[in-house]
Each structure stands twice: as C-alpha cells, then as structure tokens.
Amino acid sequence: MKGQVVLVTGADGGLGTSVTQAFLDAHATVVGTSRKIRQADFNSADFTAVPAEISTQTGATTLIDAVLTRFGRLDVLAHTVGG
C-alpha cells in the first residue's frame, strides 16, 4: 500500500479505527475523516485528519476536493460510517 492515498470515513469510530490503523500499518498515506476527527487520534506521520460532514453532497464534495488538492489523487475509499 506504500504510496497509495486512502480516505477512511468514520476513521475515529470502532470499525473505522481498526481500518485506519490497518492501512497505516500497510504504509499507506491515510486521510481520516469524521465530524470530530483530530490529528492526535493516530500517531503516524502518514495520517492526516480532515474533519468533515459527509451527510450532505456539499460536505462530501468539499472533502474530496480537499483530498485531491492536498494529495493530487485518491486511490482507495474505505467508507465505514454508519451502523
């Protein structure tokens, strides 16, 4: 996964935390998002926290635009929001 840009929604939730850590362990560049995500939630230089509200089209579009602006691409989306 090295060199891959991964977006994990719900990154600070139960499943999202495990998925985020698995991608970090695989040496991916991980963008984690949730409404209240913080950079301190994961201790890795490969992790970027981006708080976002993705329940609206505007919020989701803003998040994707931010990822593309910062990293130039998105290789993997792991959508773990919801129950």
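How many aromatic pairs does the count come to? Hold that thought for a minute, because I'd like to walk through the fold before we get to the rings. One caveat up front: this is a predicted model.

Okay, the sheet. We have an open sheet of four strands, paired in parallel, and the order is 3-2-1-4. Strand 3 and strand 4 are the edge strands, each pairing on one side only. If you ignore direction, neighbouring strands in this sheet are turned by 20 degrees against each other on average.

Let's start with strand 1, residues 5-9. Is it buried or exposed? Five of its five residues are buried, so strand 1 is largely enclosed by the rest of the structure. Now, as a general thing, side chains in a regular strand alternate between the two faces of the sheet. Here, Val5, Leu7 and Thr9 point one way, Val6 and Val8 point the other way, and all of them are buried.

What about the partners of strand 1? On one hand there's strand 2, residues 29-33, which runs parallel to strand 1 and is joined to it by five bridges. If you want to find the register on screen, look for Val6 opposite Val30, and Thr9 opposite Thr33. To get from strand 1 to strand 2, the chain goes through helix 1, residues 14-25, and that β-α-β crossover is right-handed. Then there's strand 4, residues 76-79, also parallel to strand 1, with four bridges joining the two. In that pairing, Val8 has Ala78 as its bridge partner.

Next, the helices. Helix 1 lies across strands 1, 2, 3 and 4, and runs at about 170 degrees to strand 1. Helix 2, residues 57-71, packs on the sheet as well, touching strand 1, strand 2 and strand 3, and its direction makes about 155 degrees with that of strand 1.

Let me zoom in on two residues of helix 1. Val19 sits in that helix, and leaving aside neighbours within four places in sequence, Val19 is in contact with Val8, Ala78 and Thr80. So that's our bridge pair again, Val8 and Ala78. Along the chain, Val19 and Ala78 are 59 residues apart, but C-alpha to C-alpha they're 7.9 Å apart in space.

The other one is Thr20, also in helix 1. At 0% relative accessibility, Thr20 counts as buried. Not counting residues up to four places away, Thr20 touches Val8, Ala11, Val30, Phe42 and Phe47.

And those two Phe residues bring me back to the opening question. The count comes to one aromatic pair. The rings of Phe42 and Phe47 have their centres 4.7 Å apart and their planes at 50 degrees, so the pair is tilted. Stacked would need planes under 30 degrees apart, and edge-to-face over 60. Both partners are inside: Phe42 counts as buried at 7% relative accessibility, and Phe47 counts as buried at 2%.

Where does Phe47 sit? Phe47 is in strand 3, residues 47-49. Setting aside residues up to four places away, its contacts are Thr20, Leu24, Val30, Gly32, Ile37, Arg38, Gln39 and Phe42. One more distance for anyone picking restraints: Phe47 and Asp12 are 35 residues apart along the chain, with their C-alpha atoms separated by 12 Å.

That's it from me.

Methods. Residues are numbered from 1 along each chain as its sequence is written. This is a predicted model: local features need pLDDT of at least 70, side-chain atom pairs count only at pLDDT 80 or more; totals for chains, interfaces and linings use all residues. Side-chain values use heavy atoms; hydrogens and water are left out. Buried means under 20% relative accessible area, exposed over 50%, partly exposed in between (1.4 Å probe, protein chains only). Two strands pair if DSSP finds at least two bridges between them. A crossover is right-handed if, with the strands pointing away from the viewer, the path from the first strand over the helix to the second runs clockwise. Rings of Phe, Tyr and Trp (its six-membered ring) pair if their centres lie within 6.5 Å; planes under 30 degrees apart count as stacked, over 60 as edge-to-face and the rest as tilted. Contact means heavy atoms within 4.5 Å. Axes are lines fitted to C-alpha atoms, for helices over the stretch in contact, and angles run from 0 to 180 degrees between N-to-C directions.
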